[in-house]
Amino acid sequence: MIKNDFILLNGLNVSQNYKVVGGEEIMINGVIEDEIDVVAQNIPLEIIYEDDDILVLNKPSNLVVHPGSGNTNGTLLNGLIHFNKNLEKLPRGGIVHRLDKDTTGLMVVAKNDESQNNLINQLQSKTVYREYRAIVWGQIWQNKVINKPIGRHPRQRTKMAVTKVNGKSAETSFEVLERFNYHTYVRCLLKTGRTHQIRVHMLDNNSPIVGDKDYGLKKIIPTKKMGDDLLNAIKIFDRQALHAISLGLIHPKTNKEMKWTIDLPEDMKELLSSIRKDSIENDFGPTDHFLQQDFELNDDDLTFDDEK
């Protein structure tokens, strides 16, 4: 906004590096974006559960949840209001939480105002059970709770980062399910629900998620022992290997505990199969580090204590 002259200091344009001393007048010229007119579209939805108050669905990969800049059509919301026209009467079509475009798995959607408010309160009070499965790089040897704040990346504004500057509290716990030559299969539990939370926390742990284009490996330099079949499986896996496998909440009308669990998607099953096969055929034992030394992390480690 500073570059586009939407923010003025004492009526003047200043650089982003300008330091204020106090007493200045700051004027912000806000830009109101046009309201997006959501059109019903026939998008296939896998409904896991539905009653008069809520529905639970299994979101596929390559599907944006809500229309936004660059994504006005073909979103989950477009499909929801086609599936049930009454949902267009609700804010965000009854959507109360999101999954990233290429993250698969369970989401709950409210079908009336009362249910939507109730579910939002449950999410804010951190009582909703959200379990994910992820395939990450490196050998992880212990379960862990990551409690580090997440906020907007100070330089790459489309990304999030572990930061004390503008970060909000974020807690992810993970448990090792299987460990392989180059990867670990983990179960992740969300205590909070920050944008990109698991992806950012796993990168901060030096165990980025396989296939993650934003918080993953810049490039893969496999050791000579990595088999060709596994290398090919990694190359063709074109999304983050992250799946919301289980969801639990209190039903907003009946007050009963409800929980749903689904299977892994086929692409993650196939990737795990390739990883297991390679680990059996080319077992070279444990390593001393989470991340193999000949793997290269992304441009930034996405951890910031200040703006230095």
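Strands β6 and β13 each supply at least two residues of the lining of the largest cavity. This holds for a predicted model, and every value below is computed from that model. Of the two strands, β13 gives the most to the lining of any element, with three residues. The full set of lining residues is His97, Leu99, Leu106, Arg130, Tyr132, Ala244, Ser246 and Leu247. By class, five of these are nonpolar, two are polar and one is charged. The volume enclosed by the largest cavity is about 40 Å³. The count of cavities of 30 Å³ or more comes to one.

From the closed space we turn to the open one. The largest pocket holds about 1,500 Å³ of space. Its lining has 43 residues, and those nearest the centre of the pocket are Arg98, Asp100, Arg194, Thr195 and His196. Four elements, α2 (113–124), β6 (129–137), β8 (150–152) and α3 (197–204), each supply at least two residues of this lining. Strand β6 is thus named for the pocket as well as for the cavity. By class, the lining of the pocket divides into 13 nonpolar, 17 polar and 13 charged residues.

Next come the charged pairs. The model has 15 salt bridges, and three of them can be taken in turn. In one, the side chains of Lys85 and Glu88 meet at 2.8 Å, N to O. Lys85 counts as exposed because its relative accessibility is 59%, above the cut-off of 50%. Glu88, at 42%, counts as partly exposed.

A second salt bridge joins the side chains of Arg187 and Glu175, with an N to O distance of 2.3 Å. Arg187 lies in strand β11 (residues 183–190) and Glu175 in strand β10 (residues 171–179), so this pair ties together parts that are twelve residues apart in sequence. Both partners are partly exposed: Arg187 has a relative accessible area of 26%, and Glu175 has a relative accessibility of 27%.

The third pair is Arg239 and Asp267, whose side chains meet in a salt bridge at 2.7 Å, N to O. Arg239 lies in the loop between α4 (228–236) and β13 (242–250), while Asp267 lies in helix α5 (residues 266–281), so the contact ties together parts that are 28 residues apart in sequence. Arg239 counts as buried because its relative accessibility is 2%, under the cut-off of 20%. Asp267, with a relative accessible area of 25%, is partly exposed. Elsewhere, salt bridges that share partners join Asp100, Arg199, Asp212 and Asp214 into one network. Asp100 is also one of the residues nearest the centre of the largest pocket.

The last feature is on the surface. Tyr18, Val20, Ile26 and Ile28 form a nonpolar patch there, and together they have about 420 Å² of accessible area. One of these residues, Ile26, lies in strand β2 (residues 26–28). Ile26 counts as exposed because its relative accessibility is 52%.

How values were computed: Residues numbered from 1 in each chain as written. Predicted model: local features only at pLDDT ≥ 70, side-chain atom pairs only at ≥ 80, totals over all residues. Heavy atoms only, no water. Patch = residues over 30% accessible without salt bridge, like charges linked within 9 Å, V, L, I, M, F, W, Y side chains within 5 Å. Areas by Shrake-Rupley, 256 points an atom, 1.4 Å probe, with all protein chains shown as cover. Salt bridge = Lys/Arg side-chain N within 4 Å of Asp/Glu carboxyl O. Buried < 20%, exposed > 50% of the residue type's maximum accessible area, 1.4 Å probe, protein only. 1 Å grid on protein atoms, 1.4 Å probe; cavity = no way out; pocket = protein on both sides within 12 Å on 5 of 7 lines; lining within 4 Å. Points joined across faces, edges and corners; volume = space filled by probe spheres on them. Nonpolar A, V, L, I, M, F, W, Y, C, P; charged D, E, K, R; others polar.
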